[in-house]
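Biologist: Could you take me closely through how the helices in this model pack, and then set that packing in the context of the rest of the chain?

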Amino acid sequence: MVSSSANLWVLLGLGIAGVLQLTKKLKKAVKVDFGAFIQRLQLLPPPPPAPPKAPHPLAGLSFAVSDVFDIEGFVTGFGNPDWLSTKEPSVRTCPVVSTLVDGGATCVGKTVVDDMAMSISGENKHYGTPTNPAYPSRVPGGPSSGAAVAVAAKLADFSLGIDTDGGVRIPAAYCGIFGFRPSHAAISLSGMIPVSGSLDTIGWFAKDPSILRRVGLVLLQLPFGTQRNPRSIFIADDCFRLSKIPADQVTQALIKSVEAIYGRQVVRHENLGDYIKSKVPSLSAFHSKQGNSEGKLSPISQLVNVMQIIKRDEFRANHDEWIKSIKPIVVAATAHQGPEKPILTADDIESCNTIRNELRAAMSALLKDDGILAIPTCDPPPKLGAKEVYTEEYLIQTSTLSSIASLSGCCQVAIPVALNEKQPISLSLLARHGGDRFLLDTLQNLYASLTEKIEKASKPQTSNKSISKEESAEIAKEQGNQAFKDKQWQRAIGFYSEAIKLNCNNATFFSNRAAAYLEIGSYAQAEADCTQAIHLDKKNIKAYLRRATAREMLGYYREAMEDFRYALVLEPNNKRAAQGADRLRKLFQ
């Protein structure tokens, strides 16, 4: 017995020691810069203009760039050491980076990307996975992982990333920050290593929506103009049902925010999958041809397959020659997307382009110039080291909702939603292709209210004690009204009685209970309730009509006729009052 206890204490001690050792390792593993940067550098903006000229639009801001953007004198590494060792330093800086520096911002470094920017988990086995500052036990998302981490860790005010199939939106969602994918081709891709040219965009991250907008105005070269309010904000109900986020809380907070700012008439509900199925006929035909069962895949899941097919084909066209020549070391998360995938035929490519054109037309028809679509950005991130991130299933599932904007060319913003401290939650808003300014303006107008509503939703529900008696009485009255509509007269009387107990100065409560009493033949109670209602409100015409009916049934004909006549004084065209008065007058002729 003693020996058994001693062994137990030894095992417990070893367990505690192991936990302490693991904790030390984890603390050491988190670098000062969270592993975000691959290269520190500094590109300084020009001197500020002398007054009275306006300062540079991005004055005082710092930014980082993913290691897919060229900077003069530095080799663009593309997340792969073999690429880095076989390429020459860039001879000029990417125009987008130069535009930001000329706009007053300071570039502070190049950040880690996934291996050849092909994964979306954010893990890089060559250079180390950047640590997600908000959720250290979870992956940061990729391929623009370092850029997202730099902003989330407040190491830069904003950063640039590549977004092909979610490369900015997904890391933004995982790290709890804003991420913007502009309309396709709205920003030149010159000076950036391509992944899939027809899907690639240059996106950016920020922790603050005003900074996100400032950067957008510079990059998109948008002139200042009058802001427009959205006329329709579509909630894609089917997309929220499929997600693993608390959809009801998120959508209700969004709806309340929209109603508060733009009005209730703006909110629309849409089954996006059904809409796409009806407006993109080439989609199901293409998947049938590919041997996929249309019945097993939703239209949006069919879209993501098309997107990944295009991505792999264009990646092969861009880099297959180098891959075959160098034979680089490629990690598992990238390998399953590599050149060994089947090569598309000319007919396949034409079909994919037809699908893309139909989808863009469909989204433009839905959103027009003043519409916004709301969807979840993606599911919460998996834990670090999870085997799922190396599977194609994870890639497909995580980038499913990203395929809508990637294929249609729409602009999209990922918005952090602080509902849960254990895992990040992100909501996305989309506008039609070319609606970037409209989307940025809508975000700026909506975000403060959305944050307020989200905070209320995340707090524990208030108890009934905090509700006033008047409010409780109104709730009881509405319950009585519903019971009355359902012809549940006794239940209605019970609810109205409860309302009267809570607030005995409301004429409507007495008048409504009288109506229920009339239905069950309790005429004396009905007369008494109507008399009380009239005492509280001398112009309550329903109370006069109901008391007249009760008095007529009780045989008080003269008093009933007086009630009908007084009702006609209040409402001369009331047919019920006129007929009742005439009927009773004949009794006295």
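Modeller: What follows starts from the whole chain, turns to the helix packing, and then takes up the cores, the cysteines and some backbone details.

The model is a predicted one, and its protein chain comes to 23 helices and eleven strands. Of the 589 residues in the chain, 53% are buried. Among contacts between residues at least 6 apart in sequence, 73% join residues at least 24 apart.

I begin with the helix pair H10 and H13. Helix H10, residues 281-289, packs with helix H13, residues 346-367, at an angle of about 155°, and their axes are 8 Å apart. Because the angle is over 145 degrees, H10 counts as roughly antiparallel to H13. The crossing in which H10 passes H13 is left-handed. On the H10 side, the contact is made by Pro281, Ser282, Leu283, Phe286 and Lys289, while H13 contributes Asp347, Asp348, Ser351, Cys352, Thr354, Ile355 and Glu358. As a general point, an α-helix has 3.6 residues a turn, so residues three or four places apart point the same way.

A further pair is formed by helix H22, residues 557-570, and helix H23, residues 575-587, whose axes come within 8 Å and cross at roughly 145°. The crossing of H22 and H23 is left-handed. From H22 the contact draws on Tyr557, Ala560, Met561, Phe564, Arg565, Ala567 and Leu568, and the residues that H23 brings to it include Arg576, Ala577, Gly580, Ala581, Leu584 and Leu587.

Helix H14, which spans residues 392-399, can be described through its buried residues, namely Tyr394, Leu395, Ile396, Thr398 and Ser399. These buried residues pack against three helices: H5 (169-175), H11 (299-326) and H15 (402-408).

Two single residues show how helices meet other parts of the chain. Ala476 is found in helix H17, residues 469-485, and is buried, with a relative accessible area of 4%. Leaving aside neighbours within four places in sequence, Ala476 is in contact with Phe495, Glu498 and Ala499. The C-alpha atoms of Ala476 and Glu498 are 6.5 Å apart, although the two residues are 22 apart in sequence. Between H17 and helix H18 (489-502) there is a loop, and Lys487 has its place in that loop. Lys487 has a positive phi of about 60° although it is not a glycine, and this residue is exposed, with a relative accessible area of 61%.

Arg214, in turn, belongs to helix H6, residues 209-219, and is partly exposed, with a relative accessible area of 33%. Beyond its neighbours within four places in sequence, Arg214 is in contact with Pro57, Leu58, Ala59 and Leu61. Arg214 and Leu58 are 156 residues apart along the chain, yet their C-alpha atoms are separated by 7.1 Å.

Leu58 and Leu61 appear again among the contacts of Phe158. The largest nonpolar core has 72 residues, and those with the most contacts inside it are Phe158 and Leu160. Again leaving aside neighbours within four places in sequence, the residues in contact with Phe158 include Phe63, Leu100, Val151, Phe205, Ile211 and Val215. A second, separate core of 34 residues includes Leu199, Cys239, Ile276 and Leu344.

Cys239 is itself buried, with a relative accessible area of 1%. For the cysteines, the count of disulfides comes to zero. In the case of Cys411, the nearest cysteine sulfur, that of Cys410, is 6.7 Å away, and because a disulfide needs the two sulfur atoms within 2.5 Å, Cys411 is in no disulfide. Cys411 is buried, with a relative accessible area of 0%.

Two backbone details in loops remain. Phe34 lies in the loop between helix H1 (2-29) and strand S1 (37-43), and has a positive phi of about 60° although it is not a glycine. Phe34 is partly exposed, with a relative accessible area of 22%. Elsewhere, a cis peptide bond with omega of about 5° joins Gly142 and Pro143, and Pro143 lies in the loop between strand S3 (106-111) and helix H4 (145-152).

Note on methods. Residues are numbered from 1 along each chain as its sequence is written. This is a predicted model: local features need pLDDT of at least 70, side-chain atom pairs count only at pLDDT 80 or more; totals for chains, interfaces and linings use all residues. Side-chain values use heavy atoms; hydrogens and water are left out. Buried means under 20% relative accessible area, exposed over 50%, partly exposed in between (1.4 Å probe, protein chains only). Helices (H or I, at least four residues) and strands (E, at least two) are DSSP runs, numbered from the N terminus. Contact means heavy atoms within 4.5 Å. A nonpolar core is a set of buried Ala, Val, Leu, Ile, Met, Phe, Trp, Tyr and Cys residues joined through side-chain atoms within 4.5 Å. Axes are lines fitted to C-alpha atoms, for helices over the stretch in contact, and angles run from 0 to 180 degrees between N-to-C directions. Angles under 35 degrees count as roughly parallel, over 145 as roughly antiparallel, 65 to 115 as roughly perpendicular and the rest as oblique. A crossing is left-handed if the near helix is turned anticlockwise from the far one by less than a right angle, and right-handed if clockwise.
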